[in-house]
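Q: Hi! Could you walk me through how to read helix packing and burial in a model like this one?

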There are 2 protein chains.
Amino acid sequence: MLLYQDPRAPNPRRVRMFLAEKGVAYDTIEVLIANAAHQTPEFRTKNPLALLPVIEFPDGRVLRESMAICRYIEELHPEPNLFGAEPWERAQIEMWSRHAELELLYPIAQVFRNTHKFWEGRIKQAPEFGQLMREVLAERFDWLERELAARRFFAGDRFTVADITAVCALDFGKVCNIRVHAETHPHLAAWHQRVSERPSAKA
Amino acid sequence: MLLYQDPRAPNPRRVRMFLAEKGVAYDTIEVLIANAAHQTPEFRTKNPLALLPVIEFPDGRVLRESMAICRYIEELHPEPNLFGAEPWERAQIEMWSRHAELELLYPIAQVFRNTHKFWEGRIKQAPEFGQLMREVLAERFDWLERELAARRFFAGDRFTVADITAVCALDFGKVCNIRVHAETHPHLAAWHQRVSERPSAKA
């Protein structure tokens, strides 16, 4: 199993962390966005959208999209369970995975794309939208602070794929100076610390 | 089962269309975004994010997020299968569901939010970002035209939840004059026609 990835990008890290939690071995090929390696005709044969990560199986099958990859790995390697053990738990984890993605990862990625100098000259930027996303994130941090006062992890009292997405989002936010502060958001910061201490967080 | 929804919004339609395909009966409560009914303290007890749809079960349990709702309904009502019958098919459907969401629905929603006069005075808009999303969509239409030359539906040769997301996205695009033209994108237009003819498309 071969993971096409960039060590600095948040979506490949979601898959690496998921694989680390599962204890599954894999090989990697670096496709560095900084070098526009994801834009080459060769990589586009793996993903015409020029997005990372992509996973390739020994028989040549290719799968794109972080969550499609993680779900498929969960089917191949069911333990430890990260997507839920019964229907209602699966529903809660899916809800919180989507919250982590749509309310954290997506806005943070848009701040990065639209305001960071890394992208200057590489893509068209809309800095005003990046600023709007910063404002959304401030509201989301307040909301998550209230949510995490009542439980240890995003989707309940155990670590799941929703926590993987959320921690990869928040850690990536640092590049744009988006950080959780323990003084103002103690429960969110404690959750972040709890998740960051897992060995998989180094993946 | 009670669906909180707005008849004109694309995400509630995804759930209505999914329920129609399943043949599942449900009640609805209209929460009209035009009246800011999604922003009331009462509705925020159902969804603190003030987003639609939300589904409520007779025992009081509440579930947010379209795809979490659809997945849970698939567990309760497995037939007709819309998320995949075996692991690799499930992986393909998840990949295409996410493509439909991230490459169509999300950019279309951002064009609407950031450029449409409906939102003037309701939210802060970043028109420049809306314009960037229009350019992305033009590229995505070309990509989907190539993809759909080779198969009948988004994720393969049968109708799945990925098609529901994609058709709800494209139909919603009309409000911003985003349309598929058969002259330039015949395969995408034929797919759109094929999906629109299903009885569930009226849901």
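A: Happily, and keep in mind that this is a predicted model. Let's start inside chain B: helix α1 (residues 10-22) of chain B packs against α3(B) with the axes 9 Å apart and an angle of about 10° between them.

Q: How are α1(B) and α3(B) oriented relative to each other, parallel or antiparallel?

A: In general, a pair of packed helices is described by two quantities, the angle between the axes and the distance between them. Here the angle is under 35 degrees, which makes α1(B) roughly parallel to α3(B).

Q: Which residues of α1(B) and α3(B) meet?

A: From α1(B) come Asn11(B), Arg14(B), Val15(B), Phe18(B), Leu19(B) and Lys22(B), and they meet Ser66(B), Ile69(B), Cys70(B) and Ile73(B) of α3(B). By type, this contact has 6 nonpolar, 2 polar and 2 charged residues.

Q: Where do the chains come in, and at what angle do α4 of chain A and α3 of chain B cross?

A: The same two quantities apply. Helix α4 (residues 87-115) of chain A and helix α3 (residues 66-76) of chain B have axes that come within 8 Å and cross at roughly 165°. The two are therefore roughly antiparallel, and their crossing is right-handed.

Q: What makes that contact between α4(A) and α3(B)?

A: On the α4(A) side there are Pro87(A), Arg90(A), Ala91(A), Glu94(A), Met95(A) and Arg98(A), while α3(B) brings Met67(B), Ala68(B), Arg71(B), Tyr72(B) and Glu75(B). Sorted by type, these are 6 nonpolar, no polar and 5 charged.

Q: Now burial. Which residues of helix α7 of chain A are buried?

A: The general idea first: an α-helix has 3.6 residues a turn, so residues three or four places apart point the same way. In α7 (residues 186-196) of chain A, the buried residues are Leu188(A), Trp191(A), His192(A) and Val195(A). Viewed down the axis of α7(A), they fall within an arc of 100°, so they line one face of the helix. Their cover includes α5 (127-147) and α6 (161-173) of chain A.

Q: And which residues are buried in α7 of chain B?

A: There, Leu188(B), Trp191(B), His192(B) and Val195(B) are buried. Their arc down the axis of α7(B) is within 100°, so they too line one face. Among what covers them are α5 (127-147) and α6 (161-173) of chain B.

Q: Finally, is Pro7(A) buried or exposed?

A: Pro7(A) sits in the loop between β1 (2-5) and α1 (10-22) of chain A. Counting neighbours settles it: Pro7(A) has 10 C-beta neighbours inside 10 Å, so it counts as exposed.

Methods:
Residues are numbered from 1 along each chain as its sequence is written. Chains are lettered from A and ligands numbered from 1 in the order in which they are written. This is a predicted model: local features need pLDDT of at least 70, side-chain atom pairs count only at pLDDT 80 or more; totals for chains, interfaces and linings use all residues. Axes are lines fitted to C-alpha atoms, for helices over the stretch in contact, and angles run from 0 to 180 degrees between N-to-C directions. Helices (H or I, at least four residues) and strands (E, at least two) are DSSP runs, numbered from the N terminus. Angles under 35 degrees count as roughly parallel, over 145 as roughly antiparallel, 65 to 115 as roughly perpendicular and the rest as oblique. A crossing is left-handed if the near helix is turned anticlockwise from the far one by less than a right angle, and right-handed if clockwise. Two residues are in contact if their C-beta atoms, placed from the backbone, lie within 7 Å. Ala, Val, Leu, Ile, Met, Phe, Trp, Tyr, Cys and Pro count as nonpolar, Asp, Glu, Lys and Arg as charged, and the others, Gly among them, as polar. A residue is buried if 20 or more other C-beta atoms lie within 10 Å of its own, exposed if 12 or fewer, and partly exposed in between; C-beta atoms are placed from the backbone. The arc is that of the directions from the helix axis to the C-beta atoms.
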